[in-house]
Amino acid sequence: MKNFNYNIPTKVLFGRGKVNEVGKEAKRYGDKVLLVYGKGSVKKSGLFDVVVESLKKSGIHIYKLPNIDPNPRIDSVYAGAELCRKMGINLIIAMGGGSVIDCSKAIAAQANYYGDVWQDLYVEQKLNTLTSALPVASILTLAATGSEMNGNSVISNMHTNQKLAIGHDLLRPVFSILDPEYTFTVNQYHTAAGVVDILSHLFEQYFTPDQEGYLQNRLMEAMMKTVIEYGPIAYNELDDYEARANLMWTSSLALNGMVTYGKVSTDWATHGMEHELSAFYDITHGVGLGILTPYWMKYVLSEENVHRFVEYGKNVWNLDGENNMEIANKAINKTREFFSSLGIPSTLKEVGIDESKLDKMAEQATMFGALGSMKKLYKEDVLAIYKMAL
């Protein structure tokens, strides 16, 4: 096990009615708050009114940045940062899912930054140039990305067809409110996409060629089984509190850093490939991951890493077989079957993607070098997986 420093500073307020405490928590950071949210769901659910009332009771001045896109745009980041500087914002509160939270983190970075965060941080990855950021808080409405407890931010630039990610501890939310009842209004399509996203985050950290990380891998297997148990329940019964609560907490734990502290390696190739689908075709992230993941599994499977697939098959799906490769392939098939049971497409053509841009996407996916650790994926490998997925 590698050395590590444990640091997950986000304060979590979990459960029914916790959103009423937002005013008290926000007041610790000042009296000017920017509310960042999407295109109306927070108002339809009643969340917006509850938050505004709580903030006003605490004497907080409220400014608003609505209409954040599902794949958040750099244009929204610039607009939000300018508003923060102009109004002297003390705290940014993101109300929504990962897209809104990711956008809020980028706004928090740009507001105190003298250069261009897109070019310096997202493109050139000069993360050491970020020395301060406005505090960010989140009120989660979709269990998926885990952005409510980590310092990661993924932003799209539709002018250049790029979707890029950064991670920085300064961007971890100072507090996050997780009330499962505010995910009841999430429809089946986005519930399924969220379930796939949670599993994919676990896969990216679980599927590594090393033999170490016994404890970490067992933790992730427990989370995978939780998602497999409660995902279909939430999909079929949208207002099942226990299912929503388990998915919400698993989403947070899956990507707050806990499961990889001390682990030798992670992979993240599938995310790198999917970002190109979203950048060029603006598809839902979880859907893209659901399409690509089983093809990636089949492509990278080898004698050198089959042990990880065997553990996955035995410990998560309770599979057996005559040999390791048989178990591994059964596990991959079970993964596809699970995704399909939630209505996730199995091919790129089903979401309107053809061969015309695959070469460009493969080139862009590997612009920073080869992807992954299970198997190093170069441009030709990524292209081969895209073509398998057609």
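Trainee: Why is W268 called partly exposed?

Mentor: Its relative accessible area is 26%. Buried means under 20%, exposed means over 50%, and partly exposed is in between (1.4 Å probe, protein chains only). So W268, at 26%, lands in the middle class. Keep in mind that this is a predicted model, where local features need pLDDT of at least 70, side-chain atom pairs count only at pLDDT 80 or more, and totals for chains, interfaces and linings use all residues. Residues are numbered from 1 along each chain as its sequence is written, and side-chain values use heavy atoms, with hydrogens and water left out.

Trainee: Where does W268 sit, and what is its phi?

Mentor: W268 is in the loop between α9 and α10 (269-281). Helices here are DSSP runs of H or I with at least four residues, strands are runs of E with at least two, and both are numbered from the N terminus. The phi of W268 is near 70 degrees, a positive value in a residue other than glycine.

Trainee: What about Q125, and why does Q125 get its exposure class?

Mentor: Q125 has 34% relative accessibility, so Q125 counts as partly exposed. Q125 isn't a glycine either, yet its phi is positive, about 60 degrees. Look for Q125 in the loop between α6 (117-123) and β5 (136-140).

Trainee: Why is T191 called buried?

Mentor: T191 has just 4% relative accessibility, so T191 counts as buried. This residue is found in helix α7. Leaving aside residues up to four places away in sequence, T191 touches V186, A234, Y235, L238 and R244, where contact means heavy atoms within 4.5 Å.

Trainee: How do you know there is a cavity, and how many are there?

Mentor: Rolling a probe the size of a water molecule over the atoms shows where empty space is left. On a 1 Å grid over the protein atoms alone, a cavity is a set of points where a 1.4 Å probe fits but cannot get out. The count is 1 cavity of 30 Å³ or more. The largest cavity has a volume of about 40 Å³, that is, the space filled by probe spheres set on the points, with points joined across faces, edges and corners.

Trainee: Which residues line the largest cavity?

Mentor: They are L142, A143, T191, G194, V195, I198, R244 and L247, where lining means having an atom within 4 Å of a point. α7 gives the most, with 4 residues, and α7 and α9 (241-254) each supply at least two.

Trainee: What makes up this lining: how many nonpolar, polar and charged residues?

Mentor: The split is 5 nonpolar, 2 polar and 1 charged. Ala, Val, Leu, Ile, Met, Phe, Trp, Tyr, Cys and Pro count as nonpolar, Asp, Glu, Lys and Arg as charged, and the others, Gly among them, as polar.

Trainee: What makes a group of residues a nonpolar core?

Mentor: They are buried Ala, Val, Leu, Ile, Met, Phe, Trp, Tyr and Cys residues joined through side-chain atoms within 4.5 Å. The largest core here has 104 residues, and W296, Y312 and Y386 have the most contacts inside it. Helix α7 (residues 188-206) gives the most to this core, with 9 residues. Apart from it lies another core, of 23 residues, including L47 and M95.

Trainee: Which residues of α15 are buried?

Mentor: In α15 (residues 379-389), D381, V382, L383, I385, Y386 and A389 are buried. The buried residues of α15 pack against α10, α11 (285-300) and α14 (358-365).

Key:
1 Å grid on protein atoms, 1.4 Å probe; cavity = no way out; pocket = protein on both sides within 12 Å on 5 of 7 lines; lining within 4 Å.
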